[in-house]
Amino acid sequence: MADIVVYGATAAGVCAAVAAASSGMRVVVMEPGHHIGGMTSGGLGYTDVGDLRVVGGAAARFRSEVAQHYGVGEGHWAGPEPHVAEAILRRWLEEAGVEVLFGHRLSSARVEKRERRIAAVGAEGGDEVTGEVFIDASYEGDVMAAAGVPSTVGREDTGLYGESLAGRREIFPGRHAVPEGISPFRGPGRTGGLLPQIRTEPMAPVGHGDGGVMSFGYRVCLTRAGNRIGFERRDNYDADRWELGRRLFHHWARRGATITAGQLLGLTQNLPGLKCDANSLGPFSLSVLDGSAWRYPTAEQTEREQIRLHHLHHAQDFLYFLSHDPAVPAVLRRELQRWGLPVDEFTDTAHLPHQLYVREGRRMVGEHVLTQHDLTAAVPQADVVAMGSYHIDIREVQRNWRDVWEHPDPVPMVVSEGYLSVRVPPYPIPYRSLVPRFADCTNLIVPVCMSASHVAFSSVRMEVQYQMLGWAAGRAAALALRSGRAVQQVDVGSLQDELREDGHVLAL
């Protein structure tokens, strides 16, 4: 029996648990896997921060402890090495006396709810954890869904919330776009079927909601250290799957373009230990754009595991392709061969990250749906519990194809769709976006899969915001329990006072 049960030892979950424990609560964390920190320790070393003026509380503490660990000024490194991030967050839990149950994946059939309150959640192995208040800090929102709290997945129509940036996007040129003229078909004309790595379903009309989510991938940690592990050919490596990449390099070569590995992976030493956090920067990258991520948020665990492995194998094979395939320019192959996997990271998962980068899962439909308008035309929120500031950052949603109208007949071409980056001012995130509607559930707080539109969520989804929102959720859960009230009825003024004492920034 716990006072507060946190599902998911993501950074948000850790912060929620520590905040609740420091308020005197008995806290149990149910973690499906065997690691602490989610993406903060799962490969996302280069941490997108936004406006540092609004990064306070738990997020500021984490940045400070990273600097202390390395004996440098705060912000000297873009982020810690993955194993350092996990060690810091694990220590926080130990110092707070929080119990963590590893390998406790939620069994959706075993969420016990009485009237509007969750009473217990069960794990697949049979264990059951009871509590008074629950916090769903997972990237997928599984407790929220199993408790019957309404949620949504993917892009909405522009008309739903009057958001100009919603829905399927126009096809524009840019760094993430596939260059003009690449055929999507295996053979000449329209023969042979579509190439691998292209979504087969047709694109929705511009502005229409299609349920599409931002692409997932693995943010691999690479190093130039002498003891690095080279990129090896996987047993089931399928050379045919990389034909699109060969056509891209052939296209660039014909136009005299010099493409570096850094333009595709961002190979900049931004971590200690000669390491970097490889990102997805070009039209062909670690991100998987075939639409498989669209199914992930609501899939059963068996299918999720298949999708996860699909993404993991993509990362392994992409690195091998770039460093070994003859179609890749020799200079680029040599450049990438100077990098490899670090021997001291992810030692129990073959030196590849333990966390799939789930850029967005379910999103709750709660007391207040945060939208584009709350970000671009930010106004004060009376129940603000954290500030956001990172730009609207929608990563590519799909790689598809369309006909381009040329004389005398249309020409089929590969396209990338969905990428969008729009600057926003610092904006308040209201507590109402962390709680369900009163009629749906009265003892659940959701700091990750919060109530937001697809557009607004693309800004909130950064780990620093998750850390601050997780801490706010932990404090709020403790207040609800002490007062005997529903989470929707927490004294927000008292919550804000506690957050300010914790160093959180609630206004500029």
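**Questions about a predicted model**

Colleague: How far apart are the end C-alpha atoms of helix α6, residues 243-254?
Modeller: This is a predicted model, so let's begin with a simple check of helix α6. Helix α6 has twelve residues, and at 1.5 Å a residue they should span 16 Å. The computed distance agrees with that: the end C-alpha atoms are 17 Å apart.

Colleague: Which elements do the buried residues of α6 pack against?
Modeller: The buried residues here are L244, G245, R246, R247, L248, F249, H251 and W252. Follow them in the structure and you will meet both helices and strands. They pack against α7 (261-265), α8, α9, β14 (398-404) and β15 (411-417).

Colleague: Which residue just after α6 takes a positive phi?
Modeller: Helix α6 covers residues 243-254, and the place to look is just after it. The phi there is about 75°, and the residue is G256.

Colleague: Are helices α8 and α9 parallel, antiparallel, perpendicular or oblique to each other?
Modeller: The axes of α8 (residues 301-324) and α9 (residues 330-337) come within 7 Å and cross at roughly 125°. An angle of 65 to 115 degrees would count as roughly perpendicular, and one over 145 as roughly antiparallel. The crossing angle fits neither range, and therefore α8 and α9 are oblique.

Colleague: How many nonpolar residues does the contact of α8 with α9 have?
Modeller: From α8 the contact uses L319, L322, S323 and H324, and from α9 it uses L332, R333, L336 and Q337. Sorted by class, three of these are polar and one is charged. The number of nonpolar residues is four.

Colleague: Which strands are at the edges of the open five-stranded sheet?
Modeller: The sheet is parallel, and its strands come in the order β3-β2-β1-β7-β18. An edge strand pairs on one side only. That leads us to β3 (99-102) and β18 (444-445).

Colleague: Which residue of β2 stands opposite V6?
Modeller: Strand β1 (residues 4-7) and strand β2 (residues 27-31) pair in the parallel sense over four bridges. Look across from V6 to strand β2, and you find V29.

Colleague: What angle does the direction of helix α12 make with that of β7?
Modeller: Helix α12 (residues 463-483) packs on the sheet, where it touches β1, β7 (133-136) and β18. Compared with the direction of β7, that of α12 makes an angle of about 165°.

Colleague: Is R475 buried or exposed?
Modeller: R475 sits in helix α12. Among its contacts beyond four places in sequence are A19, S22, S23 and L495. A relative accessible area under 20% counts as buried, and R475 has 10%, so it is buried.

Colleague: What distance separates the C-alpha atoms of R475 and A16?
Modeller: Along the chain, these two residues are 459 residues apart. In the folded model, though, their C-alpha atoms are separated by 7.4 Å.

Colleague: What covers the buried residues of α2?
Modeller: Helix α2 (residues 57-70) has 14 residues, and its end C-alpha atoms are 20 Å apart, in agreement with the expected span. Its buried residues are G57, A58, A59, F62, R63, E65, V66 and A67. The cover includes α1 (11-22), α3 (82-96) and α12.

Colleague: Which residue in β17 is the bridge partner of M387?
Modeller: Strand β12 (residues 384-388) and β17 pair in the antiparallel sense over four bridges. In β17 (residues 427-430), Y427 and I429 point one way, P428 and P430 point the other way, and all are buried. The partner of M387 is P428.

Colleague: Is E115 buried or exposed?
Modeller: E115 is found in the loop between β4 (106-114) and β5 (117-123). Its phi is near 55°, a positive value in a residue other than glycine. Its relative accessibility is 81%, and over 50% counts as exposed, so E115 is exposed.

Colleague: What is the relative accessible area of L274?
Modeller: L274 also has a positive phi, near 55°. You can find L274 in the loop between α7 and β10 (275-277). L274 is partly exposed because its relative accessible area is 36%.

Colleague: Which two residues does a cis peptide bond join?
Modeller: Try the loop between β14 and β15, where P408 lies. The bond has an omega of about 0°, and it joins H407 and P408.

Definitions and conventions
Residues are numbered from 1 along each chain as its sequence is written. This is a predicted model: local features need pLDDT of at least 70, side-chain atom pairs count only at pLDDT 80 or more; totals for chains, interfaces and linings use all residues. Side-chain values use heavy atoms; hydrogens and water are left out. Axes are lines fitted to C-alpha atoms, for helices over the stretch in contact, and angles run from 0 to 180 degrees between N-to-C directions. Helices (H or I, at least four residues) and strands (E, at least two) are DSSP runs, numbered from the N terminus. Angles under 35 degrees count as roughly parallel, over 145 as roughly antiparallel, 65 to 115 as roughly perpendicular and the rest as oblique. Contact means heavy atoms within 4.5 Å. Ala, Val, Leu, Ile, Met, Phe, Trp, Tyr, Cys and Pro count as nonpolar, Asp, Glu, Lys and Arg as charged, and the others, Gly among them, as polar. Two strands pair if DSSP finds at least two bridges between them. The expected span of a helix is 1.5 Å times one less than its number of residues. Buried means under 20% relative accessible area, exposed over 50%, partly exposed in between (1.4 Å probe, protein chains only).
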